[in-house]
Amino acid sequence: MRMSIKWNKYDTKNLFDELIDAKGAPRPSAFRLIEHLQSLDDSELEARRQLAEVTIQEMGVSFTVYTEEGNIDRAWPFDIIPRTISAQHWSKIAAGLKQRLKALNLFIGDLYDQQRIIKDGVIPEHIISKSKNFRPECIGIKPAYGVWAHICGTDLVRDVDGEFYVLEDNLRVPSGVAYMLENRAITKRVLPELFEKKDIKAVDDYPDRLFDTLVSLSPRKIKRPEIVVLTPGIFNSAYFEHAYLAQQMGTELVEGSDLLVAEDDCVYMRTIAGLERVDVIYRRIDDLFLDPDVFIKDSVLGVPGLMRAWRAGNVSLANAPGAGVADDKVVYAYVPDIIRYYLKEEPLLANVKTYLCEDPQQRQYVLDHLDELVVKPANESGGYGMLIGPHSTKKEQAQFAALIKADPRNYIAQPTLSLSTAPTLVGKGCLEPRHLDLRPFILQAKKSYVTTGGLTRVAMKKGSLIVNSSQGGGSKDTWIVDGEER
Amino acid sequence: MLSKLAERLYWTARYIERVENTARLVSVYDNLLFDLPREIDISWYNLISLNSAEQLFEERYKVCDEHNVLKFLLADDTNPSSMLSALRALRENVRTSRDVLPQETWELVNELHIFAKENIQQGINRSNRHRFLEQMVKGCQQINGLIVGTMSRDAPWQFLCLGRNLERADMLTRLLDAGAAALLQTEEDTDLNVSQVVWGNVLRSSSADMSYRRTMRSAVLDRDVAAFLLDDPHFPRSLTYCLSQIRGAAELLPNGGDVLEHIDKSLARRYDLQAPDALGITFRDYLNQLQVELGELHNCFDQSWFSLNLRGNV
């Protein structure tokens with residue numbers, strides 16, 4: 001058999017590569033994978049790539065891109081070479097993720113209650129009062145188990161030192177988990193030989209765990225509480241995922257117009273047999289669109305009276321409104337302190353070094369080093385509104401300097417990380433390193449759960465650090481592999 | 001089951017039928033026109049009248065020729081009942097009810113949609129028309145086959161059943177009416193049994209020619225054809241069969257009372273096909289009335305299951 005992949009030409013360029021170490025040898029978690037890839041010649045590898053493409057089309061895995069010509073449903077961009085992590089390493093990360101979400105939930109609960117953390121001087125008050133995602137409407141509410149963010153998607157990156165760092169927490173309506181599951185389904189068809197040894201950990205229990213989490217939130221302690229997934233509709237970029245999760249959990253996928261809040265302050269859905277009470281809503285609509293009676297008045301996506309029903313304790317919302325307050329990138333900078341404050345523990349997972357522009361000294365540092373740093377607005381997601389210093393022009397830097405001076409509270413800066421890479425198929429038989437990140441999903445209600453791995457997103461353009469699918473990013477299957485320590 | 005989902009499934013079934021019926025109708029007409037002598041005044045435009053689309057057509061086209069009629073019926077996306085429009089609507093409905101339909105439904109509908117878009121010109125031009133339309137009919141039959149073979153007979157199935165049978169019943173009244181109209185238009189012809197050609201055409205448009213011959217054991221006779229298509233209890237596109245299916249579905253669904261009552265009251269009237277001149281103008285009146293009643297039946301579905309938001313109270 002002809003060896004096709006020329007690993008001696010695979011240059012990791014002093015970056016941390018997930019599969020190949022600095023000497024060009026496969027890492028232990030990737031050993032079997034690399035060995036298998038070696039046994040495939042160029043045309044076989046190309047055939048596997050095409051199989052993946054056809055599979056994605058057949059399974060209808062898609063996401064929606066908004067353009068001026070309307071919304072386009074695009075096939076999910078996928079690279080067939082998986083990214084591997086050893087199981088032992090992963091269990092430490094998973095523990096860190098659970099710890100982090102536990103602390104964040106205590107923090108959110110505190111903010112809507114006594115605000116002890118502010119009174120104790122750990123966090124300055126104005127950081128909360130000026131947050132775009134703090135909802136005064138939520139003050140005094142006590143959700144089940146004291147949990148506000150039930151579903152969290154945390155973005156991890158790996159730096160040159162090979163350590164995982166938390167880049168951001170997504171506590172509002174994190175998406176991507178369906179793609180994580182689909183990536184595995186595709187990979188099983190494309191590289192079936194590798195699943196025979198049973199050392200790649202399964203990922204497909206997520207829908208069941210999500211379902212259990214939602215059931216445990218039901219205000220009515222009945223045998224079969226009514227759980228629904230609330231979607232903004234077919235035009236939302238994550239509609240595929242909403243439908244997928246509803247289908248996997250066997251719950252109804254509803255839009256705002258399918259629900260109503262009656263005079264008894266309970267939520268009902270309109271069914272062919274009349275109105276049926278709803279117990280738990282897994283909502284994939286942003287806070288501000290949830291209830292036109294309370295938030296944006298002309299929102300047609302939400303349900304009038306929903307906040308009233310939630311406050312009365314007649315329905316559970318996952319995630320709870322107001323949970324996004326901890327999504328703020330300024331709050332992010334304080335998470336290590338938040339963990340120490342509530343849990344009296346040291347953080348198991350590190351943050352990326354973060355400069356707060358509201359602090360005069362840190363701001364000056366940021367302004368002096370705009371060409372080296374990544375500057376992010378506090379409350380944007382999807383990779384929008386960022387400055388990537390080393391890739392920016394003088395003009396862009398000047399624009400950001402002005403933005404920062406005008407509203408320092410709204411900006412943070414971080415060193416430009418040299419995100420880790422993994423071999424990615426970029427042409428027939430041609431593998432090159434591409435940068436990637438990892439989004440695991442964490443569930444918390446009565447119990448906590450972390451996905452086995454998560455969604456690996458990869459920047460398909462050479463040298464690019466932008467992994468968002470809305471901006472040309474792709475994805476890979478993520479393998480947590482039993483066996484030797486790294 | 002959500003009202004909205006019920007409504008989407010109902011329309012899914014209606015649109016599958018509509019796509020299939022349109023393709024078959026054009027295909028059958030294509031054959032028929034070869035058989036009729038030039039002086040007989042049956043033209044492509046009859047298909048426009050059959051679909052009650054005269055006004056819509058005249059707003060768009062000046063010339064009532066083959067090309068324009070076919071373009072309007074098959075491809076025109078400003079005509080909401082064109083084959084492509086129906087297929088697009090089918091696709092949107094399936095896309096938003098994937099959680100209750102067999103997994104492969106989306107794939108098949110998607111494939112058929114792509115095929116139709118890419119080859120629609122073949123339906124308008126003459127040379128490959130037959131083959132193209134045949135493929136369209138087969139595509140619909142494949143989707144229906146998948147659904148019949150793999151879906152549980154629970155509420156979602158019942159809504160598909162309502163849609164499929166109402167669309168079939170509606171189409172049937174239109175086909176019969178077109179047959180009756182064609183004969184009223186043509187003078188007695190000595191050389192050719194026009195009646196036989198026209199009613200044979202009605203049978204083929206309903207995929208009923210085989211079943212008709214086996215059941216009625218007669219040649220194509222106008223009254224027999226009408227009797228078969230209206231009253232046969234076994235043929236899946238006869239009016240009686242469609243209504244009994246709708247009745248059966250309504251009995252199994254919650255809130256079906258109004259639908260049952262409407263069927264038993266307004267749709268139970270039998271037309272006397274043995275009366276002299278039974279297939280004349282009174283037949284057309286009867287069929288028109290039937291179409292009105294079927295429209296009412298749709299409204300009944302809407303009020304019983306789809307539009308609970310209008311009631312809104314617990």
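A residue counts as buried when 20 or more other C-beta atoms lie within 10 Å of its own, and by this criterion 49% of the 486 residues of chain A are buried in this predicted model.

**View 1. Chain A as a whole, in a predicted model of two chains that scores ipTM 0.79 and pTM 0.84.** The secondary structure of chain A comprises 13 helices and 23 strands. Its radius of gyration is 23 Å, close to the 23 Å that the globule rule gives for 486 residues, so chain A is as compact as a globular protein of that length. Along the principal axes, the C-alpha atoms of chain A fill a box of roughly 75 × 60 × 50 Å. Among the contacts in chain A with a separation of 6 or more, 69% are between residues 24 or more positions apart.

**View 2. The open, parallel sheet of chain A, with its four strands in the order β7-β6-β11-β12.** The edge positions belong to β7 (252–254) and β12 (316–318) of chain A, each of which has a single partner strand, so one side of each is left without a neighbour in the sheet. From one strand to the next, the twist averages 30°. Within the sheet, strand β6 (residues 227–230) of chain A runs parallel to strand β11 (residues 280–283) of chain A, and the two are joined by four bridges. One position to locate in this view is A:V229, which stands opposite A:Y282 in β11(A).

**View 3. Helix α8 (residues 239–249) of chain A, lying across β6 and β7 of chain A.** The helix runs at about 150° to β7(A). Nine of the 11 residues of α8(A) are buried, so the helix is largely enclosed by the rest of the structure. The buried residues of α8(A) are A:Y239, A:F240, A:E241, A:H242, A:A243, A:Y244, A:L245, A:A246 and A:M249. After α8(A) comes A:G250, whose phi is positive, near 70°.

**View 4. Chain B, with 15 helices and zero strands.** The radius of gyration of chain B is 20 Å, close to the 20 Å that the globule rule gives for 314 residues, so chain B is as compact as a globular protein of that length. Its C-alpha atoms fill a box of roughly 65 × 45 × 40 Å, taken along the principal axes. Buried residues account for 43% of the 314 residues in chain B, and of the contacts in chain B with a separation of 6 or more, 67% are between residues 24 or more positions apart.

**View 5. The contact between the chains, to which chain B gives 20 residues and chain A gives 20 residues.** On the side of chain B that touches chain A, the elements giving two or more residues are α1 (3–35), α6 (104–124) and α15 (308–311) of chain B. The largest share of that side, three residues, comes from α1(B). By character, the residues on the side of chain B that touches chain A divide into 10 nonpolar, five polar and five charged.

**View 6. Confidence along chain B, including residues 310–314, where pLDDT stays under 50.** The mean pLDDT of chain B is 89, and 94% of its residues reach 70 or more. For residues 310–314 of chain B, the model has four contacts beyond four places in sequence. Where pLDDT is low, the predicted coordinates should not be read in detail.

Key:
Residues numbered from 1 in each chain as written. Chains lettered and ligands numbered in written order. Predicted model: local features only at pLDDT ≥ 70, side-chain atom pairs only at ≥ 80, totals over all residues. Contact = placed C-beta atoms within 7 Å. Nonpolar A, V, L, I, M, F, W, Y, C, P; charged D, E, K, R; others polar. Pairing = 2+ DSSP bridges. Axes fitted to C-alpha atoms, helices over the stretch in contact; angles between N-to-C directions. pLDDT = per-residue confidence, 0-100. Rg over C-alpha atoms; globule rule 2.2 N^0.38 Å. Buried ≥ 20, exposed ≤ 12 C-beta atoms within 10 Å, placed from the backbone.
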